[in-house]
Amino acid sequence: MAVRHHLIRVGPGTVWDVLADGHRYAEWVVGTSESHPVRGQWPRTGAAIRYQVRLGPVRLDNETVVRSCEEGTRLELEAKAGALGTARIAIELRPWGEHSLVIVDEHPLRGAGGRLHNVGFEALIQLRHRTMLARLARLCEAEAGQPGGTGRALGQVTTGSKAGGAGHA
């Protein structure tokens, strides 16, 4: 399971505002473009957004569905990537003083992604999460009017099944 956390230097409300805007998904999720809501009211349970993933000249239309939402604190998504399968992505926000600790936990559910999941695949997900959380931090800090964002990554790699378990700072 790929678990990563990152300190974002704004309050959880600002981070939630970005996560709760389905049109902005492609701004912070690595590999996606042109996101737009297609069902329901994002990020309510059952709502979905559609976006493209571009791999060179290939463009894949994918969809992400909200499986669970605790407004302001937790968002659980199922990303559907056609023949590649599906993945569960849980995003948790915790107040950390005046800032937000954002914890992302992702693992494959079905399809080729689940069958091919191994240590190498896990390392690629960790790299993707590092970039994704840095993008999210820049967006949120820009929303809050902080010039230039943090300029440094504060994320930490952790492994295991529980983001709140041993090994977390």
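**Aromatic contacts, salt bridges and helix faces in a predicted model**

Trp-28 counts as buried, at 3% relative accessibility. The structure described here is a predicted model, and this tryptophan offers a convenient way into it. Tyr-25 is likewise buried, with a relative accessible area of 4%. Both residues belong to helix H2 (residues 25–28), where a spacing of three residues separates them by about one helical turn.

Turning to ring contacts, three aromatic pairs are found in the structure. In one of them, the ring centres of Tyr-25 and Trp-28 lie 5.6 Å apart with the planes at 70°, so the pair is edge-to-face; the cut-off for that class is over 60 degrees. Tyr-25 is buried, as its relative accessible area of 4% shows, and it also pairs with Tyr-51: here the centres are 5.3 Å apart and the planes meet at 40°, so this pair is tilted. The contact between Tyr-25 and Tyr-51 links distant parts of the chain, since Tyr-25 sits in helix H2 and Tyr-51 in strand S3 (residues 48–55), 26 residues apart. Tyr-51 is buried too, with a relative accessible area of 5%. Taken together, ring pairs join Tyr-25, Trp-28, Trp-42 and Tyr-51 into a cluster.

Charged contacts come next. A search of the whole structure gives 12 salt bridges. One of these connects Arg-88 with Glu-76, with the closest N and O atoms 3.7 Å apart. This pair links distant parts of the chain: Arg-88 is in strand S6 (residues 86–96) and Glu-76 in strand S5 (residues 74–80), 12 residues apart. Both Arg-88 and Glu-76 are buried. Arg-88 also meets Asp-105 in a salt bridge, at 3.6 Å from N to O. Asp-105 lies in strand S7 (residues 99–110) and Arg-88 in strand S6, so this second bridge ties together parts that are 17 residues apart in sequence. The relative accessible area is 9% for Asp-105, a buried residue, and 18% for Arg-88; the latter counts as buried because the cut-off is under 20%.

A further salt bridge brings together the side chains of Glu-106 and Arg-128, at 3.2 Å from N to O. Here strand S7, which holds Glu-106, is linked to helix H4, which holds Arg-128; the two residues are 22 apart in the chain. What is the burial state of each partner in this bridge? Glu-106 is buried, with a relative accessible area of 8%, whereas Arg-128 is partly exposed at 25%. Elsewhere, salt bridges that share partners connect Arg-74, Glu-76, Arg-88, Glu-92, Arg-94 and Asp-105 into one network.

The helices also show how nonpolar side chains are placed. In helix H1 (residues 12–19), the buried residues are Pro-12, Val-15, Trp-16, Val-18 and Leu-19. Viewed down the axis of H1, these buried residues fall within an arc of 160°, so they line one face of the helix. On the surface, Phe-121, Leu-124 and Leu-127 make a nonpolar patch of about 280 Å². Leu-127 is placed in helix H4 (residues 119–143), the helix that also holds Arg-128. With a relative accessible area of 47%, Leu-127 is partly exposed; it can therefore be part of a patch, for which over 30% is required.

Notes: Residues numbered from 1 in each chain as written. Predicted model: local features only at pLDDT ≥ 70, side-chain atom pairs only at ≥ 80, totals over all residues. Heavy atoms only, no water. Patch = residues over 30% accessible without salt bridge, like charges linked within 9 Å, V, L, I, M, F, W, Y side chains within 5 Å. Areas by Shrake-Rupley, 256 points an atom, 1.4 Å probe, with all protein chains shown as cover. Salt bridge = Lys/Arg side-chain N within 4 Å of Asp/Glu carboxyl O. Helix = DSSP H or I, 4+ residues; strand = E, 2+ residues; numbered from the N terminus. Buried < 20%, exposed > 50% of the residue type's maximum accessible area, 1.4 Å probe, protein only. Arc of directions from axis to C-beta. Phe/Tyr/Trp six-rings, centres within 6.5 Å; stacked < 30°, edge-to-face > 60°.
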